[in-house]
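Please walk me through this structure in my viewer. Tell me what to select at each stop and what I will find there.

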Amino acid sequence: MSSLRYAARLLLRDWHAGELRLLALSLILSVTAITAVAWLADRVGAATEGRASELLGGDRAVVGNESLPPELADKALERGLSVSRTLEFPSVVLFGEQTQLSSIKAVESGYPLRGSLLVGDHPDDARRETREVPSSGEVWVEPRLLLQLDAEPGDEIELGASRFVIGKVLFLEPDRGGGFQSLSPRLMLNADDIADTGLVQDGSRIRYGLLVAGEDQAVSDWAAAVEPLLGDGVRLQRPGEGQAGVSRAMEAAQRFLGLSALLTVVVGGVGMLLTIRRYVARHLDRVAIMRCLGATERQIGAILTWKMLLLGVITAAVGTLFGFLLHLLMLRFIADLLPDLPSAGWQPAATGVVAAQIILLGFALPTVLRLRRVPPLRVLRRDLGDQIARGVGAYPIALGAVFLLMWWQAGDLRLAAWVFGAVLGTLLVLGLAAFALVQSLRTLRRGRSGIILRLSGLTRRPLTASIQIMALGLGLMALLLLTVVRTDLLATWQDGLPADAANHFLINIQPEEAEGVEQRLRDAGIEANVYPMVRGRLVAINDETVTPEDYADPQTRRLMSREFNLSQLETLPEDNTVRAGRFWADESSPEPAFSVEVDIAERMGVGVGDSLTFDAGGSRYTAVISNLREVRWDSFNVNFFVASSPGVLDDAPATYITSFYLPAEERRLLTDLVRNYPSVTVIDIDAILDTVRGIMDQGTRVVELMALLTLFAGLVVLLAALQVTREERRFEGALLRSLGASRALIRRLALGEFLLLGASAGLLAGLGAAVAGQLMATQLFELDYGFNVWLPLLGGAAGALIVTVAGVLATRGLYRSSPMQLLKGAEEG
Amino acid sequence: MRFQGPEGEIRLFRNLMLSIGAGESVAILGASGSGKSTLLGLLAGLDTPSEGRIFIGDTDITALDEDQRAILRGRELGFVFQAFHLLSGLTALENVMLPLELSGTPRAAATARQALSDVGLGERSGHYPRQLSGGEQQRVAIARAFVTSPRLLLADEPTGNLDQATGGRVSDLLFQRNHETGTTLVLVTHDPVLAARCDRVLQLSDGRLEAA
């Protein structure tokens, strides 16, 4: 006999007999969830990367302080990629009597390759997107340059040897970035005009850029090809790099997505475990007959294995199709946020097929294969072999499969291990709590309680009831986590970037102006710390000379070749946390000391107790590191990699810097500041913050859609749990009715049981979700989130409602027919 | 003969020595709980005694492992049960084909179709068990029992779930097929009328088997 052919026939018969539907549904749902999440994550991830590309102006950028070798662009063009060259340098702009140091940027048509410029005809005009660049003879300028020059669009300005008309107001260039390299107001002109200005000479301080964009693979190939060609002062930038705030936001969004996918896998798994036991129980007799008729264990095993494999292939195909359609539907919701979606790849489909087989092999096959051991004597003695459907021996394999899926879906062993441990612990605690709850109900039953409690399946089948509460509890907990806790966490996360995050930086404040600026800000009701900033080069660690060449890592080498922005701190800024050593603010007369940011300390290979020597303006400043600080860069406040205790850098040449939040309606203050302190440069980072917020909002909506999917999986688990006891309920209902119970009583019994079951599961789920939420917030997302005391109550109410509604719907009609029919039906079931 | 029960060892049969000749039909009568079905299960190799030996032909089935016994069952034994035990998802024809397919017999469908005709159900081969009456289901079971041309046919209360008239027709068929094929028949029942149709009737009580 061909096992495969026979398995296919049996599978078809199982399907016609309706025995596979729930199992297939569970599986299809799991695959749908996994593939939809995979496709969504794949494409949204690529699109989010696209947003990050906008912040770079292209998919990759090469920047250098010397003219870039032409072969970089040639190699890109060879691969069919778009390229655009940029030049940036500081220069003075003249308008009548006024002069202003500006940051000049020359661009070619096509710039930017990703994202677009926001321009207007007048500073007060609405901003509009454009794909153009300044035409020859025209410059576009930032509003604050107009302010500083007292000029208007249409005026003529001088730049080097050329004269230009101010054509448009430039509100935003996507790749402006938040770094300190572009402090002066922007003036943008066409690259064709640059030679005539005579400003680009040998030895000029010019930053050359090359933006590259195009198809993913070609871009990666190009990057790999040119990276070895780049000299010391030249750097290849990738999206999300060098923009601390943005990359943090992206990372957080991806974690939320990963977590949603993991929860869907777990909930789907619970559904599988519930249905497979029922499937096995219903197959005991069939296998016993086959054994009796001469089937060997091997034959049974082969047939069952083929059946499961075939089922896996079919459900994977269907689930993958559904997953694809579902992700299209989800994308429609966020279409306006993601205008340029990359096309769908085939990998998620492969993910679906592999996931289906892992789920089946892990959850179904070990349990199903236990059927091989059904004693053939069962054909004569029906009670034999019942324990096979109840065995728990297959659970470790299922757990292994869950872990494998988690690891695979999360792509992060630590996250997977953490969530897996959490799920296991949760199941254990839920199971114990459920058992304790059921036992206490049993105790109540012995007292003077109504018939409902006495006859409730909850107290008569304590083990089954405990398992049901555990499974439902896990499903409900996932739902609560993905709805209430997720919303809480997202709110907390977005609070991490408060509405009043600093949106303006003032730099280049001269020492004698510092106090005046601080006073003026204070007068306007703004509390801002004004920090001194000293540019210094690290020259020695522990009195031994260091050079960039001492470091192997290219990024560290670049870092060490630049000057550090050093500052003096009296108190620890709010968004800094000391991770090692002690901050000097606690000491009355602190020793000269440095405080170093932890990541940079690790790169430099230094720790508390090491001494650092910086060279600033020709003098050397040495002090011992007394503490390491962790800095929350996404606060957008002024922060420093290295800061000294008061006094250390007193005689070093310094300028001052500050950041503050200024509402749009109070922008007049900026005009005031610029007029009174002409050398002070104002940087407006509202545009950058808007981009970061956009990415966060986008992430939020995607995660919400994924939560819907898990919610659906949870509801199927619920129905599966009810289905498991359907036959038992039918039989008991019939028995009670034959003993004289009215239909109304039986309905009340069922209602009472559903209410109790749902409320118990929900209460435990709420408790669990509150604890899990707090743990996740502190351990995974580093958010400050408190224990939500309402969750257990909410969970209990929601659980009772959902389980009762679903239960009543699922058992509708079960008690309508006559007891005799029911008894017959129960036997056949 | 001792037997391993759920609550420890049960000594069910004492000094039980039974020998059944080829082509013979034997009825085992006994009250409910006397161990009739257990004896049948042991004879069929569905279970093994903790003491004692059972031979089918020259084969000591107590010396075989479960898979070897399964193969033996498929080749040499046929079964008719009180509860019919047809597979619900399979048609009548497919149910009859099952033992042939399990043993890898060629032309299973044609053989099975002939077996169904032999029990008068040639027209109903495409029906599922739930579409058949109790008597028809048992006739399908009889067709399935004979389709492998077994040397030994074991029947456990074959008319127990049927009304008297239907039961009569089913037992007629059973004995008719038995005579036609010359199969050895062991029949367990509590119905003395059915038992009387066998060559030999044995009574099982108190773990002893005696001629009735």
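Start by selecting A:Tyr785. Is this residue buried or partly exposed? It has 19 C-beta neighbours inside 10 Å, and a residue needs 20 or more to be buried, so A:Tyr785 counts as partly exposed. Keep in mind as you look around that this is a predicted model. A:Tyr785 sits in the loop that links α22 (743-780) and α23 (790-810) of chain A. Now add A:Leu775 to the selection: it is ten residues away along the chain, and the two C-alpha atoms are separated by 9.0 Å.

**Next stop: helix α23 of chain A**

Move on to residues 790-810 of chain A, which form α23(A). This helix has 21 residues, and from its first C-alpha to its last it reaches 29 Å, close to the 30 Å expected at 1.5 Å a residue. Colour its buried residues; among them are A:Leu791, A:Leu794, A:Ala798, A:Ile802 and A:Val803. Several glycines are also buried here, including A:Gly795, A:Gly796, A:Gly799 and A:Gly807.

**A strand and its two partners**

Select residues 156-159 of chain A, which make up strand β7. Which of its side chains point to the buried face? A:Ile157 and A:Leu159 point to one face and are buried, while A:Glu156 and A:Glu158 point to the other and are not. This fits a general pattern: in a regular strand the side chains alternate between the two faces of the sheet.

Now show strand β2 (residues 82-95) of chain A, which pairs with β7(A) in the antiparallel sense over two bridges. Across this pairing, A:Leu94 stands opposite A:Glu158. Then show strand β8 (residues 162-172) of chain A: it also runs antiparallel to β7(A), and four bridges join them. Here A:Leu159 faces A:Ser162 of β8(A). The hairpin of β7(A) and β8(A) has two residues between the strands, and in it A:Gly160 takes a positive phi near 60 degrees.

Zoom out to view the whole of chain A. You will find 24 helices and 22 strands, and 45% of its 829 residues count as buried. Among its contacts between residues at least 6 apart in sequence, 83% join residues at least 24 apart.

**Where the chains meet**

How many residues of chain B are in contact with chain A? There are 25, and they touch 22 residues of chain A. To see where they come from, select α1 (36-43), α2 (66-76) and α3 (92-102) of chain B, each of which supplies at least two residues of the side that touches chain A. The most comes from α2(B), with six residues. Colour this side of chain B by type and you will get eleven nonpolar, eight polar and six charged residues. For the complex, the predictor gives an ipTM of 0.84 and a pTM of 0.61.

**Into chain B: the sheet**

Hide chain A and look at chain B, which has seven helices and ten strands. Its pLDDT averages 85, and 94% of the residues score at least 70. Of its 212 residues, 47% count as buried.

Next, find the open sheet of six strands in chain B, in the order β6-β7-β8-β3-β9-β10, with mixed pairing. Its edge strands are β6 and β10 (208-211) of chain B, each pairing on one side only. On average, neighbouring strands of this sheet are turned by 20 degrees against each other, direction ignored. Select β3 (residues 25-30) and β8 (residues 184-189) of chain B to see a parallel pairing over five bridges. In it, B:Ile28 stands opposite B:Val188.

**Last stop: the helix on the sheet**

Finish with α5(B), which packs on the sheet and touches β6 and β7 of chain B. Its direction makes about 170 degrees with that of β6(B). Helix α5(B) covers residues 134-146; at 1.5 Å a residue its 13 residues should span 18 Å, and its end C-alpha atoms are 19 Å apart, which agrees.

Why call α5(B) largely enclosed by the rest of the structure? Eleven of its 13 residues are buried, including B:Val140, B:Ile142 and B:Phe146, along with B:Arg139 and B:Arg144. To see what covers these buried residues, show β6 (77-80), α3, α4 (108-118), β7 (152-156) and α6 (164-181) of chain B, which are among the covering elements.

Methods:
Residues are numbered from 1 along each chain as its sequence is written. Chains are lettered from A and ligands numbered from 1 in the order in which they are written. This is a predicted model: local features need pLDDT of at least 70, side-chain atom pairs count only at pLDDT 80 or more; totals for chains, interfaces and linings use all residues. Two residues are in contact if their C-beta atoms, placed from the backbone, lie within 7 Å. Ala, Val, Leu, Ile, Met, Phe, Trp, Tyr, Cys and Pro count as nonpolar, Asp, Glu, Lys and Arg as charged, and the others, Gly among them, as polar. The expected span of a helix is 1.5 Å times one less than its number of residues. A residue is buried if 20 or more other C-beta atoms lie within 10 Å of its own, exposed if 12 or fewer, and partly exposed in between; C-beta atoms are placed from the backbone. pLDDT is the predictor's confidence in each residue, from 0 to 100. Two strands pair if DSSP finds at least two bridges between them. Axes are lines fitted to C-alpha atoms, for helices over the stretch in contact, and angles run from 0 to 180 degrees between N-to-C directions.
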